[in-house]
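User: I'd like a close look at the metal site in this model, please. Take me through what surrounds it, and then add some notes on other spots along the chain.

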Amino acid sequence: MAALLLLLLSLPLAAVLLYHLLFRLRFRIPPGPFPWPVVGNLYHIKPVRFRCFAEWAQSYGPIISVWFGSTLNVIVSNSELAKEVLKEKDGQLSDRHRSRSAVKLSRDGKDLIWADYGPHYVKVRKVCTVVLFSPKRLELLRPIREDEITTMVESIYNDCTASGNSGKSVVIKKYLASMAFHNITRLVFGKRFVDSDGAVDKQGQEFKAIAINGLRLGASLAMAEHIPWLRWAFPLDEDAFTQHGVRMERLTRDIMNEHTLLRQKTGDAKQHFFDALLTLKDEYDLSEDTIIALLWDMIAAGMDTPAISVEWAMAELVRNPRVQQKVQEELDRVIGQDRVMTEVDIPNLPYLQCVVKEALRLHPPTPLMLPHRANSNVKIGGYDIPKGSNMNVNVWAVARDPAVWKNPLEFRPERFLEEDVDIKGHDFRLLPFGAGRRVCPGAQLGLDLTTSMIGHLLHHFSWGPPKGMRAEEIDLAENPGTVTYMKNPVEALPVPRLAPHLYKRVAVDI
Ligand code: HEM
């Protein structure tokens with residue numbers, strides 16, 4: 001009896017081993033740490049994945065295999081391989097892997113982020129490029145960004161000049177998060193979710209709750225996802241996903257009805273994404289499901305990324321007073337001390353632009369980008385990448401590679417004055433926005449926002465470390481996750497440097 005039981009138990013294990021043996025004989029996959037049956041390398045991976053993969057690349061080379069359960073993930077870590085993945089073999093590597101939660105949250109790829117490369121993707125991507133992120137629309141929406149950035153500056157000023165607060169440091173993230181929330185909701189929905197007291201109103205609170213719940217659901221079951229035949233033991237909480245979908249749809253439809261009523265009353269459409277998509281619904285044959293999914297994609301991908309980039313940049317600027325002072329000298333020379341900056345000034349602020357590039361080089365908010373999936377067998381770096389494998393570019397490691405960057409760990413924006421390096425996907429040494437077919441469609445908006453926020457923060461204030469701390473003690477550790485927040489949000493001491501009347505919000509109602 002015992003022997004029979006043993007035989008029955010060993011059969012699945014033998015099947016797994018045989019499958020792996022045949023797989024290895026058929027494909028010459030990239031090297032990597034030894035994978036255990038069933039779990040693969042899941043238990044070897046350290047929480048901050050891009051650092052762990054970069055360490056492994058030191059031992060196994062710039063292209064490695066990492067098994068998440070039974071799914072093969074290939075990670076490349078140098079600029080030549082990044083170019084092969086994102087340019088030369090882009091056509092075979094532009095699908096997405098959708099976990100069960102991503103299937104639910106994206107209505108099975110009816111959006112942009114989770115859609116495979118195909119007719120639907122091409123259509124919605126065109127809507128993004130031609131309609132949502134056209135230079136004309138970004139310019140028409142500029143006043144919203146400037147309103148929200150000046151609101152942030154006013155709020156920091158009020159806090160640091162309030163009685164009893166002199167010499168007290170602030171947590172920069174608090175102001176950035178508020179700016180990011182109001183900016184994205186106005187850009188996407190055309191609404192500032194505040195009540196008459198200036199607090200976030202009921203709809204805004206519902207919006208925030210949905211965004212947080214989406215993140216929670218997206219992260220759920222992450223481990224079980226990688227071992228398909230074990231999924232029966234970890235069923236999806238279908239009710240939670242259904243409820244989440246209902247809440248998203250209810251909030252979006254309420255706002256949709258408000259827009260329709262307003263358009264009927266005033267006769268004209270506004271510039272924000274919601275009205276733009278509603279106006280072009282028929283021309284581009286967009287279903288309501290797709291419109292709703294696209295709007296929430298923009299929020300998921302575009303709310304925090306610029307704010308995170310600014311937080312990392314500010315941490316580096318507090319650690320590097322020389323660089324901070326040099327930006328301020330440029331701001332004073334170009335803008336002076338009698339007015340506030342606007343995005344129109346950015347082309348005249350080359351050093352500020354270098355600071356943004358340097359911050360995104362050292363601290364890309366999505367260090368492994370989003371994983372791509374192979375739609376057919378493909379060769380990268382001479383190795384086989386079987387159809388269905390996931391492909392990551394470790395843009396964090398590429399941007400710190402001593403083979404292509406001099407003193408890569410040094411925060412030295414001047415490197416970009418010495419050599420003008422493109423940051424939007426044309427130079428494979430610097431890829432914070434990715435490159436190729438799936439390059440970030442919001443890259444220009446992200447850059448405008450990041451540059452403008454840093455410019456305002458440095459023009460209006462000098463930033464030092466909190467009392468009792470030395471600049472070099474500012475902690476640059478990362479939090480684990482697809483999007484890399486600072487582990488310890490940076491605290492700094494702001495000292496106003498302009499006349500008090502320049503700290504007022506520049507409000508617009510569009
Ligand atoms: C500093 C700011 C930003 C950075 C560093 C950034 C970076 C990225 C990266 C690395 C990707 C993945 C590319 C790939 O899979 O190959 C991505 C995708 C995406 N980003 Fe951004 N992003 C930023 C801001 C924004 C903003 C402001 C928006 C919109 C409001 C946005 C919308 C998107 C969307 C919709 C995608 C999915 C594209 C696709 O799957 O085809 N991003 N972004």
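Analyst: Here is a walk through the ligand site, followed by a handful of residues elsewhere in the chain.

One thing up front: this is a predicted model, so read every value below as computed from predicted atoms.

Let's start at the iron. Which protein atom serves as its donor? The SG atom of Cys440 does that job, sitting 2.3 Å from the iron atom of the ligand, and the protein provides a single donor. Cys440 also turns up in the UniProt record, where an unreviewed entry lists it under "binding site". As for its place in the fold, cysteine 440 belongs to the loop that runs between helix 18 (415–418) and helix 19 (443–460).

Is cysteine 440 buried, partly exposed or exposed? Its relative accessible area comes to 31%, and that falls between the 20% limit for buried and the 50% limit for exposed, so cysteine 440 counts as partly exposed. Keep in mind that this accessibility takes in protein chains only. Setting aside residues up to four places away in sequence, cysteine 440 touches Arg125 and Phe433.

Arg125 is a handy link to the polar side of the site. An N or O atom in the side chain of arginine 125 is 3.3 Å from an oxygen atom of the ligand. Arginine 96 has a polar side-chain atom 2.8 Å from a ligand oxygen, and for arginine 438 the distance from a polar side-chain atom to an oxygen atom of the ligand is 3.1 Å.

Now widen the view to the whole shell. There are 26 residues around the ligand, and the ones that come nearest are Arg96, Tyr121, His372, Arg438 and Cys440. By type, the shell splits into 15 nonpolar, eight polar and three charged residues. Where do shell residues come from? Helix 5 (119–132), helix 13 (288–302), helix 14 (304–319) and helix 19 each put in at least two.

Next, the loops next to some of those helices. Arginine 107 sits in the loop between helix 4 (100–105) and helix 5. Its phi is near 50°, which is a positive value in a residue other than glycine. Arginine 107 has 18% relative accessibility, under the 20% limit, so it counts as buried. Aspartate 285, in the loop between helix 12 and helix 13, has a phi near 50° too, again positive in a residue other than glycine. Its relative accessible area is 59%, over the 50% limit, so aspartate 285 is exposed.

Phenylalanine 411 is another loop residue, placed between helix 17 (395–398) and helix 18. At 6% relative accessibility, phenylalanine 411 counts as buried. What does phenylalanine 411 touch, leaving out residues up to four places away in sequence? Its contacts are Glu316, Asn320, Val323, Val355, Glu358, Ala359 and Leu362. From phenylalanine 411 to aspartate 304 the C-alpha distance is 23 Å, with the two positions 107 residues apart in sequence terms.

Glutamate 146 is a helix residue, found in helix 7 (residues 142–161). Its relative accessibility is 13%, so glutamate 146 counts as buried. Beyond the residues up to four places away in sequence, glutamate 146 touches Thr342 and Glu343.

Thr342 leads on to proline 62: the two are 280 residues apart in sequence and 42 Å apart in space, C-alpha to C-alpha. Proline 62 lies in the loop between helix 2 (49–60) and strand 1 (63–68). With a relative accessible area of 35%, proline 62 is partly exposed. Ignoring neighbours within four places in sequence, proline 62 is in contact with Ala57, Ile75, Val76, Ser77, Asn78 and Leu81.

Last stop, aspartate 268. This residue is in the loop between helix 11 (238–266) and helix 12 (273–279), and it is partly exposed, at 47% relative accessible area. Aspartate 268 and leucine 417 are 149 residues apart in sequence, and their C-alpha atoms are 45 Å apart.

Methods: Residues numbered from 1 in each chain as written. Predicted model: local features only at pLDDT ≥ 70, side-chain atom pairs only at ≥ 80, totals over all residues. Heavy atoms only, no water. Donors = N, O, S within 2.8 Å, 3.2 Å for Na, K, Ca; no water. Helix = DSSP H or I, 4+ residues; strand = E, 2+ residues; numbered from the N terminus. UniProt positions renumbered as here; feature names shortened; annotations may be inferred. Buried < 20%, exposed > 50% of the residue type's maximum accessible area, 1.4 Å probe, protein only. Contact = heavy atoms within 4.5 Å. Near = heavy atom within 4 Å. Polar contact = N/O pair within 3.5 Å; in protein donor to acceptor, adjacent residues only side chain to side chain. Nonpolar A, V, L, I, M, F, W, Y, C, P; charged D, E, K, R; others polar.
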